[in-house]
Amino acid sequence: MLNASEELRLQEMDSIFLTHYGRAAEVVLRAPGRVNLIGEHTDYNDGYVLPAAIERSMLIACSPRTDGKVQAFAMNYNYSTLFSIEGVQPTSDTRERWSNYLRAMAWVMRRQGIEFTGADCVIQGDVPLGSGLSSSAAMLVASGLMFTSLAGAVIDPVKLALLAQQAEREFVGVNVGIMDQYISALGKVNHALLIDTRSLTYKAVPLPETGVSMVIADTNKKRGLVDSEYNTRRSECEQAVAILKNVYPGITALRDVSVEQLLAAEDELPDSVRQRARHVVTENQRTLDMASALEAADLKRCGELMNQSHESLAHDYAVSCRELDELVAAARSISGVYGARMTGAGFGGCTISLVADSALEEFSEKVPALYRESTGLEAVLTVTRAAQGAERIR
Ligand code: ADP
Ligand code: MG
């Protein structure tokens, strides 16, 4: 189902499709962006994450072709691309680098034996690009659904997520986890998903249907040199596992270590490794606790856990930055905010706050002003409820 703003976007897409291709779009697909409520930097430690799909999405309108070619017009870039499915490879043309996501998906699906003979399409998204709300996953998952639909096939959504992950890793060349694609493919309206990134199973956890919203605030801080930082964190986590294995021989990832076990063996770890491990192990527990708190509709507890998550990311994992801290502090100064934390990998990107609907107006007015005062930057707010995952609309 489309929401009202998606309906309007689709009307425009239909008319552009008609002008562009001289025929009507037969098939329409939608895939949402996402926000992670809690469970940060736990995914590559085999742990839990708790994301929700958001009311921002990628829409694709398309009709089949029979000549083995894919033509796409990207409304966000006002640019067209054309490639043949058989010889698909990444483009280095900077004007259409966006089309690598589409090419990537055509490439993995073909490798998977999903047979389609081409497509004309118009694509349009309102997930902010490159802000950490995963416009890339929305684009990959929507493209994957398009190619399966055109092949007359159906695909298991977990499989779709895995293929989208392969596309981003092997073709686009970004070493991503599974969370973004998974939640875009499987999201459930008014629910967050507690995803076990080891078993790839999930449990849908209800969010209150009224009275509270998720407010995402973009710091608009340009990220610099973060890749090397992430690589250091990853290797510190591996170091922690290697050392803790001497004490707990059964473990293969930090996910296997309980908070009590870590406390009992902390002294074995060098300082920074101990801090990193402490974040991952306690964050994993907080993610499970948050799912329970949501099931009990205990928003106060949810807020506490989100606040603790931020402190842990800032101090133990050291992936926050001044802008994220200021935005979180501004959010917490509003009464009616249950909790606020950075969301995403860190060093910039967005914060997420759980906000009583009665406080939304005050939040929108004061938080950007406070943030501007302390940083000189403009925070961009997105108020959303949890949306449905990817689907074929037409
Ligand atoms: P994020 O996933 O956090 O938004 P990424 O850098 O991973 O940021 O992905 C953003 C890229 O995905 C864009 O630069 C573009 O190449 C592609 N993309 C996302 N949405 C669209 C869109 N609506 N149209 C064309 N390309 C898109
Ligand atoms: Mg991305």
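**Exercise 1.** Is E96 buried or exposed in this predicted model, and what is its relative accessible area?

*Solution.* Step one is to take the relative accessible area of E96, which is 11%. Step two is to compare this value with the cut-off, since buried means under 20% relative accessible area; E96 is therefore buried. Step three turns to the partner: the side chains of E96 and R103 meet in a salt bridge, at 2.8 Å from N to O, and R103, at 8% relative accessibility, counts as buried as well.

**Exercise 2.** Work out where the partners of the salt bridge between R111 and E170 lie, and how accessible each of them is.

*Solution.* Begin with the distance, for the closest N and O atoms of R111 and E170 are 2.8 Å apart. Next, place the two residues: R111 belongs to helix α2 (residues 99-111) and E170 to helix α4 (residues 157-172), so that the pair, 59 residues apart, links distant parts of the chain. Finally, consider the accessibility, where R111 is partly exposed with a relative accessible area of 43%, and E170 counts as partly exposed at 46%.

**Exercise 3.** Explain the spacing of E304 and K300, which form a salt bridge, in terms of the helix that holds them.

*Solution.* The closest N and O atoms of this pair are 3.6 Å apart. Because E304 and K300 are four residues apart in helix α9 (residues 299-316), about one helical turn separates them. As for accessibility, E304 is partly exposed at 32%, whereas K300 counts as exposed at 59%.

**Exercise 4.** Describe the surroundings of H191, starting from its strand.

*Solution.* H191 is found in strand β7, which covers residues 191-196. With a relative accessible area of 16%, H191 is buried. Its side chain reaches the backbone oxygen of V189 at 2.8 Å, and, leaving aside neighbours within four places in sequence, H191 is in contact with residues including A52, V205, L207 and A386.

**Exercise 5.** Characterise the interface between domain 1 and domain 2.

*Solution.* First, fix the bounds: the domain assignment gives domain 1 as 4-206 + 388-392 and domain 2 as 213-384. The contact takes 28 residues from domain 1 and 40 residues from domain 2. Second, take the area, since about 3,000 Å² is buried between the domains, with carbon and sulfur atoms giving 60% of it. In domain 1, I38, E40 and H41 lose the most area to domain 2, together 22% of what that side buries. Third, count the polar links: the interface has four salt bridges and 21 residue pairs in polar contact.

Definitions and conventions. Residues numbered from 1 in each chain as written. Chains lettered and ligands numbered in written order. Predicted model: local features only at pLDDT ≥ 70, side-chain atom pairs only at ≥ 80, totals over all residues. Heavy atoms only, no water. Buried < 20%, exposed > 50% of the residue type's maximum accessible area, 1.4 Å probe, protein only. Polar contact = N/O pair within 3.5 Å; in protein donor to acceptor, adjacent residues only side chain to side chain. Contact = heavy atoms within 4.5 Å. Domains from an automatic or database assignment. Buried area = accessible area lost by both parts, 1.4 Å probe.
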